[in-house]
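Grab a pencil and keep the viewer open. Each exercise below comes with a solution to check yourself against.

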Amino acid sequence: MKKKLEDIATRIRNAAEKAGRKAEDIGLVAVSKTMEAEIVKMAVEAGVTILGENFIQEARDKVHALLSSSVLWHFIGHLQTNKAKIAVGLFDLIHSVDSLKLALALNRHAGRDNKVQKILIQVNIDDEPTKTGVAVSEATDLIREISSLENLAVRGLMTMPPFFDAPEKARPYFSALRALRDHISDQAISNVSMVELSMGMTGDFEIAIAEGSTLVRIGTAIFGKRK
Ligand SMILES: *Cc1c(COP(=O)(O)O)cnc(C)c1O
């Protein structure tokens, strides 16, 4: 585990350097979905500081199993409105907000918890009809609406490009997300700070870093293949 994490840190550093960026500006989200709490604990002991989970029930069990560690938890999966309350209780950052309905539910529960919930807006960057994420053409309006919700803080955008064997093919989708981020940033919407770009996974994170990623979400390269 330690060796794998060191390899990834080196690859992140090299990709950052090549892009003229600082490695410290790129966060590693270790994606631990389907991995047992014991394995996840090993990753934290080996230096992981952010864990990414996709399923609420599974995440809840692991958060409880790892309560003694100071690791941050991020939610990266599809979030149903009826799970908003639990999500607010567990996660430092929710990457996958893609509707006003979900945002309203998160805002309500965050208000009850006296919390300002940090969120990213998930964008359906290739406008694939079956995929989750807000359409590119609707992202700015959604963020404007969410900006008025007092207990939410929009911190940036997240995307999952279509799957390719050749990671280079994902590049246009990453650069499109960055362009959208810059466009929204230029609007200077109050209560919105577009600092984070959550993009890049095991197969393509170096390309994502070249295109401006600030949060790479890596599972397989750390934990091995999922069952
Ligand atoms: C599973 C998952 C990842 C990690 O994928 P790997 O290819 O295993 O690195 C990243 N992001 C999301 C949204 C995921 O569901």
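What follows is a short set of exercises on the ligand site, two backbone angles and a few residue pairs.

This is a predicted model, so to speak of ground rules: local features need pLDDT of at least 70, side-chain atom pairs count only at pLDDT 80 or more, and totals for chains, interfaces and linings use all residues. Residues are numbered from 1 along each chain as its sequence is written, and side-chain values use heavy atoms, with hydrogens and water left out.

**Exercise 1. The ligand shell**

Task: list the residues around the ligand and sort them by character.

Solution. Start with the neighbours, where a residue is near a molecule if one of its heavy atoms lies within 4 Å of it. That gives V31, K33, N54, I76, M160, M201, T202, R217, I218, G219, T220 and R226. Now sort them: the shell has 5 nonpolar, 4 polar and 3 charged residues. Here Ala, Val, Leu, Ile, Met, Phe, Trp, Tyr, Cys and Pro count as nonpolar, Asp, Glu, Lys and Arg as charged, and the others, Gly among them, as polar.

**Exercise 2. Polar contacts and cover**

Task: find polar atoms of R217, G219 and T220 that pair with the ligand, then say how much of the ligand's area the protein covers.

Solution. A polar contact is a pair of N or O atoms within 3.5 Å. For R217, a side-chain N or O atom is 2.9 Å from a ligand nitrogen. G219 uses its backbone: an N or O atom there lies 2.8 Å from a ligand oxygen. With T220, a polar side-chain atom is 2.5 Å from an oxygen of the ligand. As for cover, the ligand on its own has 390 Å² of accessible area, and the protein covers 89% of that (Shrake-Rupley method, 1.4 Å probe).

**Exercise 3. Positive phi**

Task: place D127 and A188 in the fold and decide whether each is buried, partly exposed or exposed.

Solution. First, the angles: phi is near 50 degrees for D127, which is not a glycine, and about 45 degrees for A188, also a non-glycine residue. Next, the places: D127 is in the loop between β5 (117-124) and β6 (134-135), while A188 is in the loop between α7 (171-186) and β8 (192-198). Helices (H or I, at least four residues) and strands (E, at least two) are DSSP runs, numbered from the N terminus. Last, apply the cut-offs: buried is under 20% relative accessible area, exposed over 50%, partly exposed in between (1.4 Å probe, protein chains only). D127 is partly exposed because its relative accessibility is 44%; A188 has 64%, so A188 is exposed.

**Exercise 4. Sequence gap against distance in space**

Task: give the C-alpha separation for L152 and E6, E150 and V116, and M201 and L215.

Solution. Take L152 first, in strand β7 (residues 152-159). L152 is buried because its relative accessible area is 1%, and its C-alpha is 34 Å from that of E6, 146 residues apart in sequence. Then go to E150, in the loop between α6 (136-146) and β7. E150 is exposed at 69%, and 7.5 Å separates its C-alpha from that of V116, 34 residues apart along the chain. Finish with M201, in the loop between β8 and α8 (205-210). M201 is partly exposed at 34%, with L215 14 residues apart in sequence and 9.6 Å apart in space, C-alpha to C-alpha.

Key: Polar contact = N/O pair within 3.5 Å; in protein donor to acceptor, adjacent residues only side chain to side chain.
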